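I am opening a fresh page for a structure that I want to go through slowly, one part at a time. The entries below record what I looked up, in the order in which I looked it up.

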Amino acid sequence: MPALLEARDLWKSYDGVDYVLRDVHLSLGAGEGLVVWGRNGSGKTTLLNLLGGLDWPDRGEIFLRGRDVAGLTPRERAAVRLHEIGFVFQEHNLLEELTVRQNVQLPLRLRRAHTMEARGEELLARFSLEALADRRPPTLSVGERQKVAVARALANEPDLFLADEPTASLDEETAPDLLDLFEGLRAEGRTVILASHDPLSRALPWPVRRLQGGRLRSEGEGEE
Ligand SMILES: Nc1ncnc2c1ncn2[C@@H]1O[C@H](COP(=O)(O)OP(=O)(O)OP(=O)(O)O)[C@@H](O)[C@H]1O
Ligand SMILES: [Mg+2]
């Protein structure tokens with residue numbers, strides 16, 4: 001069976017000169033988690049954007065269930081993102097003109113799921129967001145927005161879940177709960193990648209790989 005997600009020889013530069021990612025390889029099956037660790041500017045967001053089909057490598061290939069994502073048309077790619085990938089952006093990317101409830105329901109609305117309302121309420125309850133359901137994102141605290149972003153990313157029950165610094169704005173009680181939730185998603189058989197420089201994420205029983213000098217190293221390899 002092919003890996004759920006496989007990246008081969010990814011290279012990415014924004015200016016054609018300096019490479020933010022160099023020769024990155026990774027392969028993850030269903031039910032596997034990975035923490036991508038690295039300093040500010042080490043390329044964590046860049047890598048997640050490539051893996052989530054939001055941006056393109058200069059070189060290299062990305063396969064989702066053995067299918068080359070780069071070979072898809074923009075329409076097919078959008079469908080893959082909607083149906084198969086849950087993405088939590090570092091900056092949340094909530095739609096400001098929609099309420100919390102509508103943001104959480106959005107992926108379901110886009111695929112015209114008849115479960116939209118029931119599933120939306122279930123997610124609001126799971127993240128204790130009921131009291132905020134009719135508010136709009138600009139009126140929320142950063143940590144509250146983070147929870148809405150995670151709830152929204154889960155709406156379509158994606159097989160691949162990518163989260164960029166999801167605990168960065170959360171307090172020490174909320175952050176471990178969220179990490180437990182990610183571990184739960186992994187245990188359900190999903191593939192979960194967490195980009196983080198939060199020491200709390202090291203508590204997850206997952207392999208950690210470090211981005212350094214554009215390369216994705218195994219823990220302990222090539223440390224300064
Ligand atoms: N759109 C862009 N255009 C030009 N350079 C960019 C762009 N996006 C990122 N970079 C550069 O690429 C490098 C990696 O950025 P990236 O956002 O991937 O790092 P990061 O590890 O996510 O950092 P942080 O921990 O601060 O979120 C940085 O030097 C950044 O300035
Ligand atoms: Mg980042």
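How many residues of the shell around ligand 1 are nonpolar, how many polar and how many charged? I found two nonpolar, nine polar and one charged, where Ala, Val, Leu, Ile, Met, Phe, Trp, Tyr, Cys and Pro count as nonpolar, Asp, Glu, Lys and Arg as charged, and the others, Gly among them, as polar.

Before going on, I noted that this is a predicted model, in which local features need pLDDT of at least 70 and side-chain atom pairs count only at pLDDT 80 or more, while totals for chains, interfaces and linings use all residues. Residues are numbered from 1 along each chain as its sequence is written, and chains are lettered from A and ligands numbered from 1 in the order in which they are written.

**Entry: the ligand**

I listed the residues around ligand 1, a residue being near a molecule if its C-beta atom, placed from the backbone, lies within 6 Å of it. They are Tyr-14, Val-20, Gly-38, Asn-40, Gly-41, Ser-42, Gly-43, Lys-44, Thr-45, Thr-46, Gln-90 and His-197. I then asked which element gives the largest share of this shell, and it is helix α1 (residues 44-51), with three residues. Helices (H or I, at least four residues) and strands (E, at least two) are DSSP runs, numbered from the N terminus.

**Entry: the four-stranded sheet**

I followed strand β1 (residues 5-13) to strand β2 (residues 19-28) and found that they run antiparallel, joined by six bridges; two strands pair if DSSP finds at least two bridges between them. Leu-10 stands opposite Val-24 in β2, and Lys-12 has Leu-21 of β2 as its bridge partner. The two strands form a hairpin with five residues between them, and Gly-16 in the turn has a positive phi of about 80 degrees.

Widening the view, I saw that four strands form an open sheet in the order β2-β1-β4-β5, with antiparallel pairing. Its edge strands are β2 and β5 (67-68), each of which pairs on one side only. Helix α1, already met at the ligand, packs on this sheet and touches β1, β2 and β4 (59-64), and its direction makes about 125 degrees with that of β1. For such packing, two residues are in contact if their C-beta atoms, placed from the backbone, lie within 7 Å; axes are lines fitted to C-alpha atoms, for helices over the stretch in contact, and angles run from 0 to 180 degrees between N-to-C directions.

**Entry: the six-stranded sheet**

Next I turned to the open sheet of six strands in the order β6-β7-β8-β3-β9-β10, whose pairing is mixed. The edge strands here are β6 (85-88) and β10 (215-218), each pairing on one side only. Neighbouring strands of this sheet are turned by 20 degrees against each other on average, direction ignored.

Is β8 (residues 191-196) mostly covered or mostly open? I found that six of its six residues are buried, which means that 20 or more other C-beta atoms lie within 10 Å of a residue's own, whereas 12 or fewer make it exposed and counts in between partly exposed, with C-beta atoms placed from the backbone. Thr-191, Ile-193 and Ala-195 point one way from the strand, and Val-192, Leu-194 and Ser-196 the other way.

Strand β3 (residues 33-37) pairs with β8 in the parallel sense over five bridges, and Gly-33 has Val-192 as its bridge partner. Strand β7 (residues 160-164) also runs parallel to β8, joined by five bridges, with Ala-163 partnered by Leu-194 and Asp-164 opposite Ala-195.

**Entry: helix α4**

Last, I looked at helix α4 (residues 116-126), where Gly-120, Leu-123 and Leu-124 are buried. Seen down the axis of α4, the buried residues fall within an arc of 100 degrees, so they line one face of the helix; the arc is that of the directions from the helix axis to the C-beta atoms. They pack against α3 (100-110) and α5 (142-154), while Ala-118 and Ala-125, on the other side of α4, are exposed. Glu-121 is also found in α4, and I noted that Glu-121 is partly exposed because 15 other C-beta atoms lie within 10 Å.
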